[in-house]
Amino acid sequence: MTDASPRRRVSPLTPEDRRAAIIAATLPLLRAEGVHVSSKRIAECAGVAEGTIFRAFPDKAALISATLAHAFDPAPTIESIKAVAGDPDVRFRLKTAVRILTRRFRDNAPLMMSLRGSGLAVVTTTPVFDPREALTGISDAVAELISDDVDRFRLPPTTVASLLISMVFFNNRSEILPEDQIVDVVLDGVLSPEAKKEPAC
């Protein structure tokens, strides 16, 4: 007995979905192998013919540019930070922000190294992102996290946000502190509360 029910055909991807799928397959390759990864390798990992890539993107440089723009887009990071804004625990909010920022810096560090080694203008056709604008957006989101607690801080929220982001950035390179301790250092400083200097007499 045969199945007489009509087979459902899988809907083809829209051009936007096809581009997004190719970008998603390209990003881990850029992180692992650098911006000079071959289009053949990208096609293999995307599970498409090489020609499909060039029907979705004018050329390889356009694909690399679109993938880098996706990787450095600050919007997902900002959304993730804003998602914890309603939590009553300011330490939890900031520690969550530190984890989000650490992941962003670690994920994008190989891309930055690859770009510096290859020359951005050589491999891309359009500006990938404005780092100053991206950093401002992220810093504003972190500052907003503590805006309701402004009376508890000796420094403005924007300054606290800048300190926190700077520590995350440099800690990502040197790993001086565990992630969770970055917030403790920013909020409590480095002096032990028990370390009180005894009077001379």
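Modeller: Before we start, contact here means heavy atoms within 4.5 Å. Keep in mind that this is a predicted model.

Colleague: Fine. Which helices do the buried residues of α8 pack against?

Modeller: Start with who is buried in α8: Ala134, Ile138, Ser139, Ala141, Val142, Ala143 and Leu145. Buried means under 20% relative accessible area, and contacts made by these residues give the packing partners. For α8, those partners are α5 (75-82), α6 (90-118) and α9 (157-174).

Colleague: How far apart are the end C-alpha atoms of α8?

Modeller: Helix α8 covers residues 131-145, which makes 15 residues. At 1.5 Å a residue the helix should span 21 Å, and the model agrees, because its end C-alpha atoms are apart by 21 Å.

Colleague: And at the start of α8, which backbone nitrogen does a side-chain oxygen of Asp130 reach?

Modeller: The cut-off for a polar contact is 3.5 Å. The Asp130 oxygen comes to within 3.0 Å of its partner, the backbone nitrogen of Arg132.

Colleague: On to the pockets. Which element gives the most to the lining of the largest pocket?

Modeller: That pocket holds about 670 Å³ of space, and its lining counts 21 residues, with Phe105, Met112, Arg116, Leu135 and Phe169 nearest the centre. The elements giving two or more residues are α6, α8 and α9. With 7 residues, the top contributor is α6.

Colleague: How many residues of that lining in the largest pocket are nonpolar, polar and charged?

Modeller: Arg116, one of the residues nearest the centre, falls in the charged class, while Phe105 is a nonpolar one. Over the lining of the largest pocket, the split comes to 12 nonpolar, 6 polar and 3 charged.

Colleague: Which element gives the most to the lining of the second largest pocket?

Modeller: This one has a volume of about 300 Å³. Its lining includes Val90, Arg91, Phe153, Leu163 and Asp188, and by class it has 7 nonpolar, no polar and 4 charged residues. Helices α6, α9 and α10 (179-188) each supply at least two residues. Giving the most, with 3 residues, is α10.

Colleague: Back to α6. Is Asn108 buried or exposed?

Modeller: Asn108 is found in helix α6 and touches Arg31, Ala71 and Phe72, leaving aside residues up to four places away in sequence. The cut-off for buried is under 20% relative accessible area. At 7%, Asn108 therefore counts as buried.

Colleague: What covers the buried residues of α1?

Modeller: In α1 the buried set is Ile22, Ile23, Ala25, Thr26, Leu27, Leu29 and Leu30. An α-helix has 3.6 residues a turn, so residues three or four places apart point the same way. The cover over the buried residues of α1 includes α2 (39-46), α3 (50-56), α4 (60-72) and α6.

Colleague: Just after α1, which residue takes a positive phi?

Modeller: Helix α1 covers residues 15-33, and its end C-alpha atoms are 26 Å apart, which agrees with an expected span of 27 Å. Just after α1 comes a phi of about 95°, and the residue taking it is Gly34.

Colleague: Last one: is Glu175 buried or exposed?

Modeller: Glu175 sits in the loop between α9 and α10, and has a positive phi of about 50° although it is not a glycine. Exposed means over 50% relative accessible area. Glu175 has 55%, so it is exposed.

Conventions: Residues numbered from 1 in each chain as written. Predicted model: local features only at pLDDT ≥ 70, side-chain atom pairs only at ≥ 80, totals over all residues. Heavy atoms only, no water. Helix = DSSP H or I, 4+ residues; strand = E, 2+ residues; numbered from the N terminus. Expected span 1.5 Å × (residues − 1). Buried < 20%, exposed > 50% of the residue type's maximum accessible area, 1.4 Å probe, protein only. Polar contact = N/O pair within 3.5 Å; in protein donor to acceptor, adjacent residues only side chain to side chain. 1 Å grid on protein atoms, 1.4 Å probe; cavity = no way out; pocket = protein on both sides within 12 Å on 5 of 7 lines; lining within 4 Å. Points joined across faces, edges and corners; volume = space filled by probe spheres on them.
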